Structure formats: structure tokens, C-alpha cells
Amino acid sequence: MNEFQHQQPRRPAETAPPPEAALPSSVRGAVDLGAAAAAGAGAPPTGEYRPGGYRREVTGADFQEVAQLSTQVPVVFALWAGFSQQSVAFTDTLEQVVDGYGGRLLLASVDAEAAPEIAQMFQAQSVPTVVALLGGRPVPLFNSTVPPEQVTQLLDELLALAEQNGIAGTVEPARADDEPEPLPPLHQEAVDALEVGDVDAAEAAYRKAIAENPGDREAKLALTQVHLLQRVLPLDAGTVRAEAAAAPDDVAAQLAVADLDVSGGHVEDAFRRLLDLVRRTAGEDRDAVRLRLLELFDVVGAEDPRVVTARGALMRALF
């Protein structure tokens with residue numbers, strides 16, 4: 001696990017992009033930066049549960065606290081790493097399935113790069129690795145991605161085993177607070193900068209946040225969205241599109257149009273353009289397109305169906 005690398009959330013505040021570059025809701029909602037950025041991005045009304053209410057981000061510092069909850073409900077530990085987009089997406093899928101059980105299960109999400117001691121404890125050799133705790137005892141579930149229906153079947157069996165051992169409680173989901181919790185200072189600094197259109201200052205704040213806390217998942221995802229803004233703000237859409245149409249194999253021109261498409265909400269068009277380019281290129285050009293696609297996947301959100309579909313198409317195109 002010591003060779004894990006960092007990367008990897010969801011909601012930058014709106015700034016003043018040029019025509020055609022207004023951020024779609026899929027982008028604005030990708031990182032939860034707190035109430036300051038949530039106001040126009042579909043935040044739930046006060047008193048309702050937040051999406052993902054049965055998922056907790058767990059580090060070595062709070063592992064014991066979460067593990068103790070396994071005497072009440074099965075706690076499903078999902079280990080992921082930023083270098084494995086599959087593990088990130090699969091953990092998001094687990095979150096959706098676990099939420100459907102209404103508190104009879106708890107999902108403990110673990111960044112194996114940031115918490116290698118937990119990965120070692122579960123003897124994880126790869127990501128994703130999913131292990132449940134029942135009364136503090138580990139129950140291995142799977143160490144690869146599986147279809148959602150198979151996840152449900154395994155979790156049903158886990159609940160049956162838990163009930164046989166007298167573990168049949170529930171946990172409460174996270175609630176939307178009347179007064180949102182304040183953002184970490186550097187996150188707030190970034191949000192304030194974005195609100196006045198200072199994208200470079202926002203980038204600097206997020207980079208500093210990541211330098212101080214390499215496991216800051218929200219800052220990493222927000223940074224990918226800030227990078228998108230930095231790329232599209234200087235662009236003239238008409239010029240960029242004309243150049244791309246005249247040179248369909250010009251990688252830089254095609255990447256620029258894909259950025260414009262995502263920022264303008266034309267996500268499927270962007271993914272289709274870059275997937276076609278992956279199939280037509282090789283070497284460094286192909287790698288550049290692949291990396292841009294992975295970054296745009298983060299911008300849109302790993303759980304978005306368009307990302308799931310495009311990720312599968314990318315795997316087929318590469319292999």
C-alpha cells in the first residue's frame with residue numbers, strides 16, 4: 001500500500017465565465033464546499049437528509065470510533081485510492097446501495113493512500129477492497145468491482161448474518177443543519193476568491209490545503225474544477241470550435257472544445273469527442289487525451305451515469 005499515489009468529490013462556487021462556459025449543475029455539484037457554495041447548487045432543504053447520509057469518510061484517527069458501531073449495525077469498509085478511478089466509482093456505487101438500506105448498514109469510506117494503516121489492518125492488496133465488521137470481527141466481501149445487483153445480494157446475506165449474531169440496530173444519517181458548519185479556512189478562502197472571479201487565488205488556496213492535508217479529497221476535486229475554469233475562461237468559443245473543425249486530429253484544439261462542452265453542459269459531446277480521439281491517436285498524444293478524460297470525469301462526478309458509460313468506453317478503447 002506504500003505505493004499508493006494521491007488524487008481524487010464536488011462543488012466550486014460560481015464565477016463569471018464567458019458565454020457558453022457557464023458551469024452546469026453537474027459541475028457545480030461535484031464537490032461539497034459547504035453552504036457558501038451550496039446555495040444555488042441543489043442543496044437539500046433544512047431538515048432533510050443529505051445525500052450519502054450513511055457514508056462516513058474514515059481515517060486512522062477515527063477508525064476505532066466507527067469500528068465500535070459494528071456492535072449496532074454491520075459497518076462496510078470500502079478502501080479506494082485516487083489513482084484507481086474504478087475504485088472511486090465503485091465506492092460511490094456502494095454508497096448508493098447502502099443508502100437504500102435506511103440505516104441498517106453503514107459505509108466507511110477509506111482513502112487507502114491517506115490511511116495505509118487501515119489498508120494494512122485489512123490486508124488489502126489492491127483497491128477496491130471491501131470488508132465488513134460485525135461486532136468488531138472482519139467479514140471479507142470482495143476485492144474487485146462487482147455489479148450493483150451482486151452488491152445487494154452480498155449485503156442482504158451480511159444483514160442476515162448480522163441478525164443471527166444479534167446485530168440488528170440502525171444508525172442515523174447525517175442531517176442538513178440549520179446552520180452549516182464553517183468551511184476549513186483555506187476552503188473558505190478559495191470559495192471567496194471564486195465568488196469574485198479570482199480563479200488563480202482559488203487555485204492557490206486549494207493547493208495550499210492539499211499541501212497541508214494530502215488526504216483532503218474535497219480540495220483535490222475542487223481543484224480539478226478550478227483547473228477547468230482556468231482553461232475555459234480565456235477561450236473564444238467561436239475561434240476554438242473553428243480551429244477544431246479545421247483540424248480534427250489537432251489534440252490541443254480538440255481538448256479545448258471538450259473543455260468548453262463540459263463547462264457548457266454538453267458532457268456527452270465532450271466525452272464522445274475525446275473517446276474518438278483516443279481511438280485515433282497513439283503515444284504521448286493518446287496519453288494526453290486519456291488524462292484529460294480522467295480529469296473531466298472528476299469534474300462531472302464519478303457517480304454520473306455519463307461518466308460510468310464513458311469510463312467503460314475508455315477502457316475498451318485502450319485495451
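Colleague: How many bridges join strand β2 (residues 75–80) to β3, and do they run parallel or antiparallel?

Modeller: This is a predicted model, so please read everything here with that in mind. Six bridges join β2 to β3, and the two strands run parallel. To place yourself along the pair, find F77, which stands opposite A108 in β3.

Colleague: Which strand is joined to β3 by three bridges?

Modeller: That is strand β1, residues 55–57, and β1 and β3 run parallel. Here you can use E57 as your marker, as its bridge partner in β3 is S109.

Colleague: Which residues of β3 lie on one side and which on the other?

Modeller: The general idea comes first. In a regular strand the side chains alternate between the two faces of the sheet. In this case L106, A108 and V110 are on one side of β3, with L107, S109 and D111 on the other. Both faces are covered, and these residues are all buried.

Colleague: Why is β3 described as largely enclosed by the rest of the structure?

Modeller: Look at the burial along residues 106–111: six of the six residues of β3 are buried, so the strand is largely enclosed by the rest of the structure.

Colleague: What do β2, helix α4 and β3 make together?

Modeller: They make a β-α-β unit, and a right-handed one. The helix in question, α4, spans residues 85–99.

Colleague: Where does α4 give the most to a lining?

Modeller: Let's turn to pockets, again with the general idea first. Rolling a probe the size of a water molecule over the atoms shows where empty space is left. In this model the second largest pocket holds about 350 Å³ of space. It is lined by 14 residues, and the closest to its centre are Q86, A89, F90, T93 and V308. Helix α4 gives the most to this lining, with five residues. Both α4 and α14 (305–318) supply at least two residues each.

Colleague: Now a single residue: is D261 buried or exposed?

Modeller: D261, which is found in helix α11 (residues 251–263), has a relative accessible area of 5%. The cut-off for buried is under 20%, so D261 is buried.

Colleague: Which residues is D261 in contact with, leaving aside its neighbours within four places in sequence?

Modeller: The contacts are R241, H266, V267, D269, A270 and R273. With R241 there is also a polar contact, side chain to side chain, at 2.6 Å. For a further bearing, take V232: D261 and V232 are 29 residues apart in sequence, and their C-alpha atoms are 9.8 Å apart in space.

Methods: Residues numbered from 1 in each chain as written. Predicted model: local features only at pLDDT ≥ 70, side-chain atom pairs only at ≥ 80, totals over all residues. Heavy atoms only, no water. Buried < 20%, exposed > 50% of the residue type's maximum accessible area, 1.4 Å probe, protein only. Helix = DSSP H or I, 4+ residues; strand = E, 2+ residues; numbered from the N terminus. Pairing = 2+ DSSP bridges. Right-handed = clockwise from strand over helix to strand, strands pointing away. Contact = heavy atoms within 4.5 Å. Polar contact = N/O pair within 3.5 Å; in protein donor to acceptor, adjacent residues only side chain to side chain. 1 Å grid on protein atoms, 1.4 Å probe; cavity = no way out; pocket = protein on both sides within 12 Å on 5 of 7 lines; lining within 4 Å. Points joined across faces, edges and corners; volume = space filled by probe spheres on them.
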